[in-house]
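The following exercises ask you to work through a protein model with its sequence and structure beside you. Try each task before reading the solution that follows it.

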Amino acid sequence: MKLLSQSEFARRQGWSRQYVGKLVKSGKITLVNGKVDPEQAQAAIKAQSEPSTELRAKSQSGTILPASPTDSRQAVDFVTARTMREAFKAKMAKMEYEEKAGKLTDASKVREEAFRAGRIVRDSLLGIPDRLSDVLAAENDPAQVRQLLMGEFENILQALSQQ
């Protein structure tokens, strides 16, 4: 590739002319006859760059870092880690607030209470034959049998709703 002036190289890279001048002064870019060899300059800058800069640029451009634990690029920069920690703390604070405000409950408590309520209903229904078998055996009228059963169901449901 042909040699470029410092201004042209800066414009193509999206940098200021002063920044390229600073790179030349620090020795990161060497000039050839007062001009910049773009390929050599980019290779020199890349060789001297910090690895975390590349990771940060990739994560900001939307590329997600791989989750493989064997990949050395998995490192997260300080700003990203701090942001993740603060987001987690905010979610935890919101959950604690909602729990104290009564909007959230412990799932295990809900399961235990549902099990207890189901057990009470089951026991009440299974007790009907023991309570009514003699009375129903003596009845000949189907309407009276129905009325006795409905009365027992209503008594059970009424008792359960008051608990």
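**Exercise 1.** Decide whether N33 counts as buried or exposed, and then describe where N33 is placed in the chain.

*Solution.* Begin with the accessibility, keeping in mind that the model is a predicted one. The relative accessibility of N33 is 75%, and exposed means over 50%, so N33 counts as exposed. Next, look at the surroundings along the chain: N33 sits in the loop between β1 (31-32) and β2 (35-36). Then turn to the backbone, where phi of N33 is near 55°, which is a positive value in a residue other than glycine. For background, most residues other than glycine have a negative phi. Finally, compare sequence with space: N33 and L3 are 30 residues apart in sequence, while their C-alpha atoms are 9.0 Å apart.

**Exercise 2.** Work out how many helices and strands the chain has, and in what pattern they follow one another along the sequence.

*Solution.* Counting the elements gives 8 helices and 2 strands. Reading along the sequence then gives the pattern α-α-β-β-α-α-α-α-α-α. For the chain as a whole, 12% of the 163 residues count as buried, and the accessible surface comes to about 12,900 Å², of which 56% belongs to carbon and sulfur atoms. As a last step, consider the contacts between residues at least 6 apart in sequence: 38% of them join residues at least 24 apart.

**Exercise 3.** Find the partner with which R12 forms a salt bridge, and say in which helix the two residues lie.

*Solution.* As a starting point, side chains of opposite charge can pair when their charged atoms come close. For R12 the partner is E8, and the closest N and O atoms of the pair are 2.9 Å apart, where a salt bridge needs a distance within 4 Å. Both R12 and E8 belong to helix α1 (residues 6-13), and they are 4 residues apart, about one turn of the helix. R12 has a relative accessible area of 45% and is therefore partly exposed, and E8, at 22%, also counts as partly exposed.

**Exercise 4.** Determine which helices are tied together by the salt bridge between E152 and R131, and set this pair beside the one formed by E86 and R85.

*Solution.* In the pair of E86 and R85, the closest N and O atoms are 3.1 Å apart. E86 is partly exposed, with a relative accessible area of 37%, and R85 counts as partly exposed at 45%. In the salt bridge of E152 with R131, the closest N and O atoms are 2.7 Å apart. Because E152 lies in helix α8 (residues 142-162) and R131 in helix α7 (residues 128-138), this pair ties together parts that are 21 residues apart in sequence. E152 is buried, with a relative accessible area of 14%, whereas R131 counts as partly exposed at 41%. To complete the picture, salt bridges that share partners join E8, R11 and R12 into one network, and the full count for the chain is 6 salt bridges.

**Exercise 5.** Identify which residues gather in a patch of negative charge on the surface, and which form a nonpolar patch.

*Solution.* The patch of negative charge is made by E96, E99, D106 and E112. One of these, E96, is found in helix α5 (residues 78-101), and its relative accessibility of 44% means that E96 counts as partly exposed. The nonpolar patch consists of F88, M92, M95 and L104, with about 370 Å² of accessible area together. Of its members, M92 lies in helix α5 and counts as partly exposed at 33% relative accessibility.

**Exercise 6.** State which side chain of opposite charge is nearest to E98, and which residues E98 touches when those up to four places away in sequence are not counted.

*Solution.* E98 is found in helix α5. E98 is buried yet has no salt bridge, and the nearest side chain of opposite charge is that of K94, 4.2 Å away, while the cut-off for a salt bridge is 4 Å. Leaving out residues up to four places away in sequence, E98 touches K103 and L104; L104 also appears in the nonpolar patch of the previous exercise.

Key: Residues are numbered from 1 along each chain as its sequence is written. This is a predicted model: local features need pLDDT of at least 70, side-chain atom pairs count only at pLDDT 80 or more; totals for chains, interfaces and linings use all residues. Side-chain values use heavy atoms; hydrogens and water are left out. Patches are made of residues with over 30% relative accessible area and no salt bridge: like charges are joined within 9 Å, nonpolar side chains (Val, Leu, Ile, Met, Phe, Trp, Tyr) within 5 Å. Accessible areas come from the Shrake-Rupley method with a 1.4 Å probe; for residues, only the protein chains shown count as cover. Lys and Arg count as positive and Asp and Glu as negative; His and the chain ends are not counted. The place of a charge is taken as NZ of Lys, CZ of Arg, CG of Asp or CD of Glu. Buried means under 20% relative accessible area, exposed over 50%, partly exposed in between (1.4 Å probe, protein chains only). Contact means heavy atoms within 4.5 Å.
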